[in-house]
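Work through the exercises below with the sequence and the coordinates open. Each task is followed by a solution in steps.

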Amino acid sequence: GNKEEDAESLMWNNVIVPLLQKLEIDRLCDLCDRLHGTLAEADMLGRRCKKRSGILRTLFRLIDLNYAQLNMHIAQLCLALCVSGNNLLNICKLIFQISRTESNDILFQNNSVIDSLLRMLSNEHVSASGEAILYCVGTLKFLSGNTEILRILLDKNFICVAQKLIQKLCIVEETNLPIAGHILVQLTTILRNLADLSDSRPLFVSFSILPALCQVLQQHCEDQDVCMNISRIYSKLSSYSECRLALAQTPDCYQLFLELLSKHHQKQDLIVRLLFTLGNLTAKSDEPRLELFQCDGCMRTLLRLYDIYQRKDEPPRTVVQKGASPPVRPQVADDVLVKLVRVLANMCIHPAVGPPVAADTACIRLLMETLGEHKEGSEELLVNVAAVINNLSFYQKETSAIKHNQLHIAKLMLKLLLSSSTGAMLEAVRVYGNLSHYEDVRNFIMRNKVHQFVVTLLDSKSNEMCFAACGVLTNLALDPPSRVCLMVEGASAKLVDCLRDFGLGDWQLAGQICQAVWNLTGGSSEKVLYTEERESLLEMLAAYLDEEEALNWTDNKDLRDFHRACWELEFLPVAQKLMKMLQSLCIAGCKVL
């Protein structure tokens, strides 16, 4: 008998009770809908119905049944009846509780609840209904984790609502209402999720959200959660040109970022994102480079961070002082350094920034330390450090700390040159290109057989690599003894091949190749070109110097204008000089090898 009873109670609990509940819920939901429709038809929604309190009392009693689906219908009707004060707060709490369960997301997709919540955010005052607004924004934060609802929020103009709410919160903040901070944490999380949708970007710009968030950062610079959310929005959006421009035009944003880097230097996730944003802002445009550099304490802040994160491998002190920074995970430290060094590399492209940074001995010491001490696996970091050194070695002033450490840097570059990373190799060759202006470095290159390696790079089939290699060879060929070594390595034949492969259309590279060949021949009749190479070179130069043939291979007018400028400035003068010299060799009938 027991078994039968057990089977029956299982059936009752698992099948029949849920069916009875569903019957009851469906009936009540249906009645709620009918009531809502009837009130709407009779124009009795809002506060217009005299017996409104009786309706609300009945609805509130039903809430205790605790059915999510029914409670959504009740909430929808209560919001349509414009509840206020405590009633509004309780409805917002109710909706918030429902939104916490992911499986309830569907309940928000086909009704007017989201519209009512957005209307409420637009109309209510933070000072009077702050708590209700907090629950309302909290609900939308949970829902914004669902991509379909996120799209609904975007379509219902949430970004405009957010902008108005931010303005209200910034005014309230001046009267110091702590709830403003709590609301902003939720609000900035929703905006962060929206930043993932490509359609949202024009709206972030047109509703001036990026400058508005700067104001929030200024007022809430102590609140790590608000700072973190906004830094995530900025790091996401600053990868896109229209958002980057909007942020770059925000007054004082650079100074603000530097202050946050200094204040939260131990919060690695925040630091990485702020540095990534600064790297994006300074990547393609000259004004932000100078503006950032001229900020109060810019280099001091960046180098202090560099120093903190460079030391992460050192053994921790046994006694941890109260308030000391938590230990940094090595990989995160590398991530911070990668982003920080990229900012330095971008910033010093500006001609007014490069020389003072090159003269900053503390900065150069840190860069050399990274190259000297870094383990394998930090490839991106080493490439970025080499890029900074390359950019700085371009400025060859007497004050340059790069110049004073040229031999030490040349030695450090050897490691990069022999690495398996093409990026590291390319940056090392570029650095040698700049440093080989100095005789000491040229001697070091020849002594350590770096020149052999550089000649083989002419076979790399890469424009960038060939251009960098040609730069080094052009300088090495200034010394007569080196010319002989380079010819033995077959440099001239490889240069002629490069001109054939890349010359047409890359006039900077073509000009650099011609200069390298010119230097190799000593600019005179030195017998360094085989007959075959000479004839091949003459034929190519004749074709490339023919303006029609050289410039009419593209229909794009802008591209053609750019190529004409490069052809006239970078290629023409040196090619004509080389051509004359080669022709004079033929006329003189010199014995050519």
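## Overall make-up

Of the 593 residues in the protein, 52% are buried. The model is a predicted one.

**Exercise 1.** State how many helices and strands the protein has, and what share of the contacts with a separation of 6 or more comes from residues 24 or more positions apart.

Solution.
- Step 1. The secondary structure comes to 33 helices and zero strands.
- Step 2. Among contacts with a separation of 6 or more, 75% join residues 24 or more positions apart.
- Step 3. For the surface, the accessible area is about 28,500 Å², and carbon and sulfur atoms account for 52% of that area.

## Helix H9 and the nonpolar core

**Exercise 2.** Check the span of helix H9 against the value expected at 1.5 Å a residue, then decide whether the helix is enclosed or open.

Solution.
- Step 1. Helix H9 covers residues 179–194, which is 16 residues.
- Step 2. The expected span counts one less than the number of residues, so at 1.5 Å a residue helix H9 should span 22 Å.
- Step 3. The end C-alpha atoms of H9 are 23 Å apart, in agreement with the expected span.
- Step 4. Because 14 of its 16 residues are buried, H9 is largely enclosed by the rest of the structure.

**Exercise 3.** Identify the residues with the most contacts inside the largest nonpolar core, and list what Leu-541 touches beyond four places in sequence.

Solution.
- Step 1. In soluble globular proteins, nonpolar side chains tend to be buried together.
- Step 2. The largest nonpolar core here has 208 residues.
- Step 3. Those with the most contacts inside this core are Phe-108, Phe-158, Leu-191, Leu-194, Tyr-306, Met-413 and Leu-541.
- Step 4. Setting aside residues up to four places away, Leu-541 touches Leu-499, Cys-514, Phe-571, Ala-575, Leu-578, Met-579 and Leu-582.

## Cysteines

**Exercise 4.** Explain why Cys-295 has no bond to the closest cysteine sulfur, and find the nearest cysteine sulfur to Cys-470.

Solution.
- Step 1. A disulfide requires two cysteine sulfur atoms within 2.5 Å.
- Step 2. The sulfur of Cys-295 has its closest cysteine sulfur in Cys-298, at 6.4 Å, and this is too far for a bond.
- Step 3. For Cys-470, the nearest cysteine sulfur belongs to Cys-498 and lies 5.8 Å away; Cys-470 is in no disulfide.
- Step 4. The count for the structure is zero disulfides.
- Step 5. Cys-295 is buried at a relative accessible area of 13%, and Cys-470 is buried at 0%.

## Polar residues

**Exercise 5.** Place Asn-146 in the secondary structure, classify its burial, and find its side-chain polar contact with Asp-105.

Solution.
- Step 1. Asn-146 sits in the loop between helix H6 (126–143) and helix H7 (147–155).
- Step 2. Buried means under 20% relative accessible area; Asn-146 has 17%, so it is buried.
- Step 3. Beyond four places in sequence, Asn-146 touches Asp-105 and Gln-109.
- Step 4. The side chains of Asn-146 and Asp-105 make a polar contact of 3.2 Å.
- Step 5. Ile-106 is 40 residues from Asn-146 along the chain, and their C-alpha atoms are 9.8 Å apart.

**Exercise 6.** Locate His-265 and Ser-393, and give a partner for each.

Solution.
- Step 1. His-265 belongs to the loop between helix H14 (253–263) and helix H15 (268–281); this residue is buried, at 16%.
- Step 2. The side chain of His-265 forms a polar contact of 3.2 Å with that of Arg-304.
- Step 3. Ser-393 is in helix H21 (residues 379–393) and is buried, with a relative accessible area of 3%.
- Step 4. Apart from neighbours within four places, Ser-393 contacts Ile-402, Asn-434 and Leu-435.

Technical notes. Residues numbered from 1 in each chain as written. Predicted model: local features only at pLDDT ≥ 70, side-chain atom pairs only at ≥ 80, totals over all residues. Heavy atoms only, no water. Helix = DSSP H or I, 4+ residues; strand = E, 2+ residues; numbered from the N terminus. Buried < 20%, exposed > 50% of the residue type's maximum accessible area, 1.4 Å probe, protein only. Core = buried A, V, L, I, M, F, W, Y, C linked by side-chain atoms within 4.5 Å. Contact = heavy atoms within 4.5 Å. Areas by Shrake-Rupley, 256 points an atom, 1.4 Å probe, with all protein chains shown as cover. Polar contact = N/O pair within 3.5 Å; in protein donor to acceptor, adjacent residues only side chain to side chain.
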